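Please have the sequence and the 3D view open side by side before reading on. The text below walks through peptide bonds, helix contacts and salt bridges.

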Amino acid sequence: MKDNVFVFDHPLVKHKIAILRDKNTGMKQFRELIEEITTIMTYESMRDVELTPVEVETPLERTVQYKVREESIAIVPILRAGLGMVNGVHKVFPTACVGHIGMYRDERTLEPREYYCKLPEGIAGKTVFLVDPMLATGGSATDAISALKSRGCKNIKLMSIIGAPEGVERVAAAHPDVKIYVSTLDRQLNENGYILPGLGDAGDRLFGTK
């Protein structure tokens with residue numbers, strides 16, 4: 001793996017992913033698990049965010065402390081499955097603004113196509129958390145990062161719950177300046193571009209569609 005790739009190795013994450021993979025896990029629990037895993041990932045991925053000194057008055061005295069600037073964080077889910085991770089980040093940093101990038105995969109070529117992009121004002125100066133539960137071929141993530149960069153974004157972090165080696169390698173090579181966080185690295189992609197063992201279609205399982 002490249003130096004910009006971080007794979008989580010935490011017992012609690014492994015426990016939750018085991019339940020997430022189970023085909024008998026219902027929509028409500030699946031959605032809750034996506035949020036919970038995202039929250040755990042967010043703690044670690046925010047380790048290097050910039051802090052600003054602020055003066056705080058405690059009940060005993062005034063002191064200088066450090067805070068993340070309220071307007072410095074943005075969450076950008078790749079539609080539609082990325083929506084399931086937004087609340088997980090918001091549990092850690094509730095004032096983060098949210099943009100959206102819409103991608104769909106051409107079933108013939110397996111390549112992504114952008115159909116929607118709406119981003120917060122001033123996003124070029126923010127730390128952007130690009131979120132998508134599945135990092136499969138890496139096409140959508142690679143193109144979404146390029147779309148963010150074309151709009152001036154310089155500090156981008158990609159968070160995915162399940163990653164395929166092929167997709168992780170593709171994004172890491174295309175964007176070596178972007179830190180990539182995955183909860184677990186699966187075995188491979190199948191001939192249709194789905195991750196094995198994976199968990200099926202994350203969007204369908206999040207929203208109850210087929």
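Arginine 80 sits in the loop between strand E4 (73-79) and H3. In this predicted model, the peptide bond that leads from leucine 79 into arginine 80 is cis, with omega near 5 degrees. Most peptide bonds are trans. A cis bond is also found from leucine 196 to proline 197, with omega near 0 degrees. Proline 197 belongs to the loop between strand E13 (195-196) and helix H6 (202-207).

The loop that holds arginine 80 leads to H3, and H3 in turn packs against H2. The axes of helix H2 (residues 27-45) and helix H3 (residues 83-90) come within 7 Å and cross at roughly 50 degrees. Because angles from 35 up to 65 degrees fall outside the parallel and perpendicular ranges, H2 counts as oblique to H3. The crossing of H2 with H3 is right-handed. On the H2 side, the contact is made by Ile34, Glu35, Thr38, Thr39 and Thr42, and on the H3 side by Gly84, Met85, Asn87, Gly88 and Val89. Sorted by class, the residues where H2 meets H3 are 3 nonpolar, 6 polar and 1 charged.

H2 also meets H1, and here the geometry is of another kind. The axes of H1 and H2 come within 10 Å and cross at roughly 155 degrees. That angle is over 145 degrees, so H1 runs roughly antiparallel to H2. The crossing of H1 and H2 is left-handed. From H1, the residues in contact are Leu12, Val13, Lys16, Ile17, Ile19 and Leu20, and they face Gln29, Phe30, Leu33, Ile34, Glu36, Ile37 and Ile40 of H2. This contact of H1 with H2 divides into 10 nonpolar, 1 polar and 2 charged residues. Ile34 is worth locating in the view: it is listed in the contact of H2 with H3 and in the contact of H1 with H2.

Which two side chains join in a salt bridge with 2.8 Å from N to O? They are those of glutamate 36 and lysine 16. This pair links distant parts of the chain, with glutamate 36 in helix H2 and lysine 16 in helix H1 (residues 11-21), 20 residues apart. Both residues also appear in the contact between H1 and H2. Is lysine 16 buried or exposed? Its relative accessibility is 14%, and since the cut-off for buried is under 20%, lysine 16 counts as buried. Glutamate 36, with a relative accessible area of 30%, is partly exposed.

A further salt bridge lies within H2. The side chains of lysine 28 and glutamate 32 meet at 2.6 Å, N to O. Lysine 28 and glutamate 32 are both in helix H2, 4 residues apart, which is about one turn of the helix. Lysine 28 has a relative accessible area of 53% and is therefore exposed, the cut-off being over 50%. Glutamate 32 is partly exposed at 34% relative accessibility.

Glutamate 44 forms a salt bridge with arginine 47, and the closest N and O atoms of the two are 2.9 Å apart. Glutamate 44 is partly exposed, with a relative accessible area of 33%, whereas arginine 47 is exposed, at 64%. Elsewhere, Asp48, Lys157 and Lys179 are joined into one network by salt bridges that share partners. The structure holds 14 salt bridges, including the pairs of glutamate 36 with lysine 16, lysine 28 with glutamate 32, and glutamate 44 with arginine 47.

One more pair of helices remains. The axes of helix H4 (residues 139-150) and helix H5 (residues 165-174) come within 8 Å and cross at roughly 20 degrees. That angle is under 35 degrees, so H4 is roughly parallel to H5. H4 and H5 cross in a right-handed sense. Which residues of H4 and H5 meet? Gly139, Ala141, Thr142 and Ile145 in H4 are in contact with Arg170, Val171 and Ala174 in H5. By class, the contact of H4 with H5 has 4 nonpolar, 2 polar and 1 charged residues.

Notes. Residues numbered from 1 in each chain as written. Predicted model: local features only at pLDDT ≥ 70, side-chain atom pairs only at ≥ 80, totals over all residues. Heavy atoms only, no water. Axes fitted to C-alpha atoms, helices over the stretch in contact; angles between N-to-C directions. Helix = DSSP H or I, 4+ residues; strand = E, 2+ residues; numbered from the N terminus. Parallel < 35°, antiparallel > 145°, perpendicular 65-115°, else oblique. Left-handed = near helix turned anticlockwise from the far one by under 90°. Contact = heavy atoms within 4.5 Å. Nonpolar A, V, L, I, M, F, W, Y, C, P; charged D, E, K, R; others polar. Salt bridge = Lys/Arg side-chain N within 4 Å of Asp/Glu carboxyl O. Buried < 20%, exposed > 50% of the residue type's maximum accessible area, 1.4 Å probe, protein only.
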